[in-house]
Amino acid sequence: MAQVSINSDLGEWGFSTDAGERARLLQSPCVDTDPKNEEEASPEGQSRGTTSTFGAIFIVVNACLGAGLLNFPAAFSTAGGVAAGITLQMSMLVFIISGLVILAYCSQASNERTYQEVVWAVCGKLTGVLCEVAIAIYTFGTCIAFLIIIGDQQDKIIAVMAKEPEGAGGNPWYTDRKFTISLTAFLFILPLSIPREIGFQKYASFLSVVGTWYVTAIVIIKYIWPDKEMTPGDILTRPVSWMAVFNAMPTICFGFQCHVSSVPIFNSMQRPEVKTWGGVVTAAMVIALAVYMGTGVCGFLAFGASVDPDVLLSYPSNDVAVAVARAFIILSVLSSYSILHFCGRAVIEGLWLRYQGMPVEEDVGRERRRRVLQTLVWFLLTLLLALFIPDIGKVISVIGGLAACFIFVFPGLCLIQAKLSEMEEVKPASWWVLVSYGVLLVTLGAFIFGQTTANAIFVDLLA
């Protein structure tokens, strides 16, 4: 997930000058639940955004693209080939774009500026709390995935440096996967996660953006001009079953999930209008679709059914160009972990303060102790789980189910609630159509989330 700044000059071109701005997109709303004053509640009282339409497109693209890119070739394999994978992505893209437009509409109607604030204002306290909890769990799971990615890439790099094949017996203890992940985590990730602010990571977004596009270019180039060591497996041409197609949905949801960041991006625009925003997200999603489709199609055709859940693991260890891609991914993930942890920690902090009924300014003295404790618990739990869940495909499947909630369930609930509230005043002809569409979104998201949860419980745990 690339980190992007919203109100900055370089942000106009998709590059960040303040990594903390990206983290603030997911922060919990203010603990103070008193109504806004009249000046704040009126559109005239809001500060006007500085992001142009062109800049907003690149910001949404950068917020969308990220580590999920590595899993798309495996998603095409799971779906049953190129035709099934493309059809599935194109079908889901309609719902993904509509969810982004619904969030902008509800943000404008409720005069709220973050995802969870919109859900809280439109759907009520219970749904708002569930949304914040879902964000915390999602960021927690994504941090686990990041640690697994670090281990995957380090295994290949160490194999080249040691001049031994991966998995060979008798390797030195310091090349063990659990040791290298733990060492990297304690040396780099933990120190980056403890500070209260993370604005010092101002150049992290640039590496994330470059790394993502570089990986896509390498996958496409390696398909066109394959190495001799690359031997593709069976190329599926049709799905094994309908359930196999549905199993690929979580990966697509994880890849295209930028909805939590979309509300602040919408409000940062010079002209925050729903119609303009519809054009922005459509263009951004088409660009993201091209990147994901290029990686998915070329990665799948290069390796077939034998493609690894992390496509970079399918390439030979001694490939220099791929090794550079692995280094980019590691650097990007090192920074992304701390930023996502900051987002999850902010949500947990907001929930705690709201539960205690304490304003932020009255609890400054205990903040540092709580922050260090929260960081240590978060860090140790994600590290332990990453060490004992080496398959990134399983982790992405679970957090992809949560991503479906952000893409489908919460926007659908907001649409239903917004239209139900309008019914008391005026009932337009399209009212029942929009309510039905909201029900469809909620049903689709609940199905994906329920399926991934059931697979995690009844398949992985009982296997």
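The protein exposes about 20300 Å², and carbon and sulfur atoms supply 67% of this area. The structure is a predicted model, and the exercises below work through it from the overall fold to single residues.

**Exercise 1. Describe the overall make-up of the protein: its secondary structure, its buried share and its contacts.**

Step 1. Begin with the secondary structure, which comes to 17 helices and zero strands.

Step 2. Turn next to burial: of the 463 residues of the protein, 55% count as buried.

Step 3. Finally, consider the contacts between residues with a separation of 6 or more, of which 85% are accounted for by residues 24 or more positions apart.

**Exercise 2. Find which residues touch the most other members of the largest nonpolar core, and which helix gives the most to this core.**

Step 1. The largest nonpolar core holds 120 residues, and those that touch the most other members are Met92, Tyr115, Phe256, Trp277, Met285 and Phe408.

Step 2. Helix 16, which covers residues 392–423, gives the most to this core, with 17 residues.

Step 3. Take Met92 as an example: when its neighbours within four places in sequence are left aside, Met92 is in contact with Met249, Ile252, Cys253, Phe408 and Ile448. Phe408 in this list is itself one of the residues named in the first step.

Step 4. As background, nonpolar side chains in soluble globular proteins tend to be buried together.

**Exercise 3. Classify the aromatic pair of Phe95 and Tyr437, and explain what this pair ties together.**

Step 1. The count for the protein comes to 17 aromatic pairs, and Phe95 and Tyr437 form one with 6.2 Å from centre to centre and 15 degrees between the planes.

Step 2. Because planes under 30 degrees apart count as stacked, the pair of Phe95 and Tyr437 is stacked.

Step 3. Phe95 lies in helix 5 (residues 82–110) and Tyr437 lies in helix 17 (residues 431–460), so the pair ties together parts that are 342 residues apart in sequence.

Step 4. Tyr437 has a relative accessibility of 23%, and therefore counts as partly exposed.

Step 5. Ring pairs also build a cluster elsewhere, which links Tyr115, Tyr138, Phe254, Phe406 and Phe410.

**Exercise 4. Work out the surroundings of Ser107 and decide whether it is buried or exposed.**

Step 1. Ser107 lies in helix 5, and with a relative accessible area of 2% this residue is buried.

Step 2. Apart from its neighbours within four places in sequence, Ser107 is in contact with Glu112, Val118, Val263, Phe266 and Asn267.

Step 3. With Asn267 there is a polar contact, which runs from side chain to side chain at 3.0 Å.

**Exercise 5. For three salt bridges, state which parts of the chain are linked and how far the partners are buried.**

Step 1. The count comes to six salt bridges, among them that of Asp155 and Arg177, whose side chains meet at 2.7 Å, N to O. Asp155 lies in helix 7 (residues 125–162) and Arg177 in helix 8 (residues 177–193), so this pair ties together parts that are 22 residues apart in sequence.

Step 2. Asp155 is partly exposed, with a relative accessible area of 24%, whereas Arg177 is buried, at 18%. Both residues also belong to a network of salt bridges that links Asp152, Asp155 and Arg177.

Step 3. Lys222 and Asp319 meet in a salt bridge of 2.7 Å, N to O. Since Lys222 lies in helix 9 (residues 204–224) and Asp319 in the loop between helix 13 (274–303) and helix 14 (320–356), the pair ties together parts that are 97 residues apart in sequence. Lys222 is buried, with a relative accessible area of 11%, and Asp319 is buried as well, at 8%.

Step 4. Arg370 forms a salt bridge with Glu349, and the closest N and O atoms are 2.3 Å apart. Arg370 in helix 15 (residues 364–388) and Glu349 in helix 14 are 21 residues apart, and the pair links distant parts of the chain. Both Arg370 and Glu349 are buried.

**Exercise 6. Explain what stands out in the backbone of Asn111.**

Step 1. Most residues other than glycine have a negative phi.

Step 2. Asn111 has a positive phi of about 65 degrees, although it is not a glycine.

Step 3. Asn111 is found in the loop between helix 5 and helix 6 (115–123), and with a relative accessible area of 15% Asn111 is buried.

Key. Residues are numbered from 1 along each chain as its sequence is written. This is a predicted model: local features need pLDDT of at least 70, side-chain atom pairs count only at pLDDT 80 or more; totals for chains, interfaces and linings use all residues. Side-chain values use heavy atoms; hydrogens and water are left out. Rings of Phe, Tyr and Trp (its six-membered ring) pair if their centres lie within 6.5 Å; planes under 30 degrees apart count as stacked, over 60 as edge-to-face and the rest as tilted. Helices (H or I, at least four residues) and strands (E, at least two) are DSSP runs, numbered from the N terminus. Buried means under 20% relative accessible area, exposed over 50%, partly exposed in between (1.4 Å probe, protein chains only). A polar contact is a pair of N or O atoms within 3.5 Å; within protein, one must be able to donate a hydrogen and the other to accept it, and residues adjacent in sequence count only if both atoms are side-chain atoms. Contact means heavy atoms within 4.5 Å. A salt bridge is a side-chain nitrogen of Lys or Arg within 4 Å of a carboxyl oxygen of Asp or Glu. A nonpolar core is a set of buried Ala, Val, Leu, Ile, Met, Phe, Trp, Tyr and Cys residues joined through side-chain atoms within 4.5 Å. Accessible areas come from the Shrake-Rupley method with a 1.4 Å probe; for residues, only the protein chains shown count as cover.
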